[in-house]
Amino acid sequence: MHTANILNIDINPALKDSFSITAIDGRLFEDDFLRRISFNELIFVQEGHGTITIDGKAHAIAPHSLFIISKGQIYAVSDDNHISGYVLRFGDCFWEKTPASAANCKAVLYNDPSGHQQMQLTAADELAIDSLLATTLEEFNSPDYVNKGDALAAYLKIIMIKVANINSLLHAGHSTTENKVYRQYVELVSKEYRNTHEVNDYAGKLGISYRQLADLCKRCGGRNAKDIINGQLVAEAKRMLQFSTKPVKEISYILNFATPYQFSNFFKKETNISPIEYRSQFVKIGI
């Protein structure tokens with residue numbers, strides 16, 4: 001994997017009209033540079049091989065799978081990558097065109113991507129996703145007309161609902177009400193993780209007890225409630241360590257740790273490496 005200097009981390013340019021979909025049969029990128037995306041991305045792999053590394057974690061490119069990559073994440077592909085499938089990208093301003101009823105589906109997928117960065121598909125689900133993406137691509141490539149953006153937003157809503165439902169089936173046995181509260185928790189953490197790291201605070205905002213929140217996170221997401229908060233903190237810390245020259249002390253302050261020592265201990269416990277050691281793997285800061 002390419003060892004990147006800060007200046008070599010590419011920031012993907014803004015999307016025209018904040019939406020795109022393309023069919024791919026070849027290399028996703030021609031290099032292994034790190035890229036920080038400024039939009040949300042869904043990669044549908046019908047066939048493929050290689051490796052995608054997202055926020056420092058490697059994932060094998062496997063046939064019949066989906067990758068969920070959220071705005072702000074940093075990723076790269078190995079030199080030997082090959083993908084047959086589709087790449088769908090959309091910005092937050094385009095998502096605002098979609099009906100509000102789909103908001104929870106998008107939130108659970110993109111506000112906590114580390115919980116389901118890659119999903120394996122059944123044959124039936126793969127067929128459904130393939131059909132939806134093919135139809136959306138056909139619409140995207142059609143001549144422009146007045147309400148074309150609204151039509152594409154409607155297709156995007158259906159895709160998000162379908163993918164979110166596939167993800168939900170991975171964790172069966174929870175009620176619709178629990179699933180709704182779980183999605184609200186994930187969305188709340190994505191907005192507030194810099195302000196509070198305590199599960200109790202989120203439980204209070206949701207009007208339920210700590211135990212209720214802990215139990216429904218296990219049932220609906222297969223994860224501890226605290227792990228969802230920690231995942232957001234670690235992902236953002238990694239991005240700042242890779243992408244900026246901010247001192248560890250400043251990063252600890254931005255992420256609302258009491259001291260740099262507390263932040264360093266937290267980071268090392270979660271990643272088995274110190275913040276400075278992690279940065280040295282990716283960035284040459286010139287000192």
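**Salt bridges around Glu236**

Arg194 and Glu236 are joined by a salt bridge, with their closest N and O atoms 3.1 Å apart. This contact ties together distant parts of the chain, as Arg194 sits in the loop between α5 and α6 (199–206) and Glu236 belongs to helix α8 (residues 225–243), 42 residues apart. The model examined here is a predicted one.

How exposed or buried are the two partners? Arg194 is partly exposed, its relative accessible area being 33%. Glu236, by contrast, counts as buried, at 9% relative accessibility, because the cut-off for buried is under 20%.

Glu236 also takes part in a salt bridge with Arg239, and here the closest N and O atoms are 3.2 Å apart. Both Glu236 and Arg239 are found in helix α8, where three residues, or about one turn of the helix, lie between one position and the other. Arg239 is buried, with a relative accessible area of 9%. Taking a step back, a network of salt bridges links Asp55, Arg194, Glu236 and Arg239.

Helix α5 offers another example to look at. There, the side chains of Lys191 and Glu187 meet in a salt bridge at 3.7 Å, N to O. Lys191 and Glu187 are separated by about one helical turn, because they are four residues apart in helix α5 (residues 176–192). Lys191 is exposed, with 58% relative accessible area, while Glu187 is partly exposed at 22%. In total, the structure contains twelve salt bridges, including the ones between Arg194 and Glu236, between Glu236 and Arg239, and between Lys191 and Glu187.

Key. Residues numbered from 1 in each chain as written. Predicted model: local features only at pLDDT ≥ 70, side-chain atom pairs only at ≥ 80, totals over all residues. Heavy atoms only, no water. Salt bridge = Lys/Arg side-chain N within 4 Å of Asp/Glu carboxyl O. Helix = DSSP H or I, 4+ residues; strand = E, 2+ residues; numbered from the N terminus. Buried < 20%, exposed > 50% of the residue type's maximum accessible area, 1.4 Å probe, protein only.
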